[in-house]
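Please walk me through this structure in plain terms. I have not seen it before and would like to know how its parts fit together.

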Amino acid sequence: MHSPRNVPLLTYVRHVLVARLALMATVIALTLATLAYLAEERMLEEAVVAEAQENLAELVERTRAIFSHGGLKPLDAFRLAVGEKIESNARKSRSGKVVYAKFSKPGISGGEEYLDRSFVLHEAVHAYVRADRSPEPETGAWSETVFIADILCVHAILPIEEAGRNETGQVEIIFVPAPTVLAAMERKSFYTVGAVAFVALATAALLYPVILRLTNRLVAFSRNLQAANFETLALLGCAVAKRDSDTDEHNYRVTLYALRMAEAIGLDAAGMRALAKGAFLHDVGKIAIRDSILLKPGKLTEDEYEIMKTHVRHGLDVVARSTWLRDAKDVVGCHHEKFNGKGYPNGISGKDIPLTARIFTVADVFDALTSRRPYKNALSCAEALDILMRGRGKHFDPKIVDTFAAMAAPLHERYAHRSGRDLSAELIDVAWKYFQVGTDTLVS
């Protein structure tokens, strides 16, 4: 099964779209060219039919004249008309010549035939008429274009009425256009095809710079929109953090720890974006917790703790209202779950807990342990890691704890004592590249 992949938008326009424009222009050109060729062929067929009918009418008139004045039988009159008219006129005609003619009457078998044996394909013509492909006798003239040995020909029939009689004979001919006529048709068709193809390709070429310019503007607009979303995300997360602890440094640190850990694990760009959003907004539901509980300096009672736990549900309600924030739900909803299933709100365990939530939980607890609070002093990096290691397989995913343990010391030294402004600047550098990925790509 084909899996979707992200394609840079400008790359798509410059390569994929160009190829598709060229392909579509070629398809349109070939389609229009085919229609033009068929139209030219139809026009030639009509001209050939007109020429054939004109020759046939002359032959019929000459037959009638001989029949009326010479007192000959219709068959003999036709024979003389063929000798006088068809051969001479065929040689003079610039559009082609009659290579086969036959006079016949209903109820009489056989008939008088003429076959131009000088015509190189006269045997194919004779075989064609011998196949008895003529239509049933009808009133009026009939004609159609046919291919005999790959040569375009006209097969036509015209009735002959004998003076003073109701009996009607008919003359059947095969008319072959001159090679110059066919060559002219091919040249005209070729020029028409070329003109149509040029117009289609030129139109595509003119459209390309317009599309490229619009795409550049779209990418710039998308990046600005993504940047505005990212700034709003940071502001919302920091506003919640300040209400809880009078500082936004915790949000910056825990997000940086989580992103650095996720990079080491190899989380993809979509996962990194979801993790960053969730890390910023993990406690957004606390805006629904009253101050007497949220800001209480001492230990919460059992009832107060149950109320505090509802901040997860409130947080999920908040992020569910935004399509852009919806992928933060895994961290917001599961950052208090434990690997052994004894967390809340759903008591899920192991790998049923989303990966982003398992990563964030390690980062959140580590930063809480190494940060000073009004009710406790900050632990050292080694002390915090010891607590994390004791929680392997219980509170935390063992593999994630092991990954973080290898990188915790340098990260703690780098982030633990920096100001919020410095942390914010680095977080933007780290996280923005993952948010920027989605601004100029298409799913292909």
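The buried residues of helix α8 are covered by elements that include α7 (291-294) and α9. This is a predicted model. Helix α8 spans residues 302-309, and its buried residues are Glu304, Met308 and Lys309. Seen down the axis of α8, these residues fall within an arc of 140°, so they line one face of the helix. The face of α8 turned away from that buried side carries Glu302 and Asp303, which are exposed.

Helix α9 (311-320) also borders the loop that holds Arg326; the other end of this loop is α10 (329-334). Arg326 is partly exposed, with a relative accessible area of 41%. Leaving aside neighbours within four places in sequence, Arg326 is in contact with Val319 and Ala320. Arg326 and Leu316 are ten residues apart in sequence, and their C-alpha atoms are 8.7 Å apart in space.

The wider chain comes next. The chain has 15 helices and seven strands. Of its 444 residues, 42% count as buried. Among contacts between residues at least 6 apart in sequence, 64% join residues at least 24 apart.

In soluble globular proteins, nonpolar side chains tend to be buried together. Here the largest nonpolar core has 52 residues, and those with the most contacts inside it are Leu259, Leu275, Leu281, Val362, Phe366, Leu388 and Phe404. Helix α5 (residues 249-265) supplies the largest share of this core, eight residues. Apart from this core lies another, of 15 residues, among them Leu59, Ala77, Val98 and Tyr114.

Leu275 gives a view of the larger core from one residue. Not counting neighbours within four places in sequence, Leu275 is in contact with Ala258, Leu259, Ala262, Leu267, Val331, Thr356, Ile359 and Phe360.

How do α5 and α6 lie relative to each other, and what is the angle at which they cross? The axes of α5 and helix α6 (residues 269-281) come within 9 Å and cross at roughly 160°. An angle over 145 degrees counts as roughly antiparallel, and α5 and α6 are therefore roughly antiparallel to each other. The crossing of α5 past α6 is right-handed. On the α5 side, the contact is made by Asn251, Tyr252, Val254, Thr255, Ala258, Leu259, Ala262 and Glu263. On the α6 side, Met272, Leu275, Ala276, Ala279 and Phe280 take part.

Helix α5 also holds Arg260. Is Arg260 buried or exposed? Arg260 is buried, because its relative accessible area is 18% and the cut-off for buried is under 20%. Not counting residues up to four places away in sequence, Arg260 touches Met407, Leu411, Arg414, Tyr415, Glu426 and Val430.

Two of these partners, Leu411 and Tyr415, are among the buried residues of helix α14 (residues 408-415), together with Ala408 and His412. Seen down the axis of α14, the buried residues fall within an arc of 100°, so they line one face of the helix. An α-helix has 3.6 residues a turn, so residues three or four places apart point the same way. On the other side of α14, Pro410 and Glu413 are exposed. The buried residues of α14 pack against α5, α11 (355-370), α12 (381-390), α13 (398-405) and α15 (420-436).

How values were computed: Residues are numbered from 1 along each chain as its sequence is written. This is a predicted model: local features need pLDDT of at least 70, side-chain atom pairs count only at pLDDT 80 or more; totals for chains, interfaces and linings use all residues. Side-chain values use heavy atoms; hydrogens and water are left out. A nonpolar core is a set of buried Ala, Val, Leu, Ile, Met, Phe, Trp, Tyr and Cys residues joined through side-chain atoms within 4.5 Å. Buried means under 20% relative accessible area, exposed over 50%, partly exposed in between (1.4 Å probe, protein chains only). Helices (H or I, at least four residues) and strands (E, at least two) are DSSP runs, numbered from the N terminus. Contact means heavy atoms within 4.5 Å. The arc is that of the directions from the helix axis to the C-beta atoms. Axes are lines fitted to C-alpha atoms, for helices over the stretch in contact, and angles run from 0 to 180 degrees between N-to-C directions. Angles under 35 degrees count as roughly parallel, over 145 as roughly antiparallel, 65 to 115 as roughly perpendicular and the rest as oblique. A crossing is left-handed if the near helix is turned anticlockwise from the far one by less than a right angle, and right-handed if clockwise.
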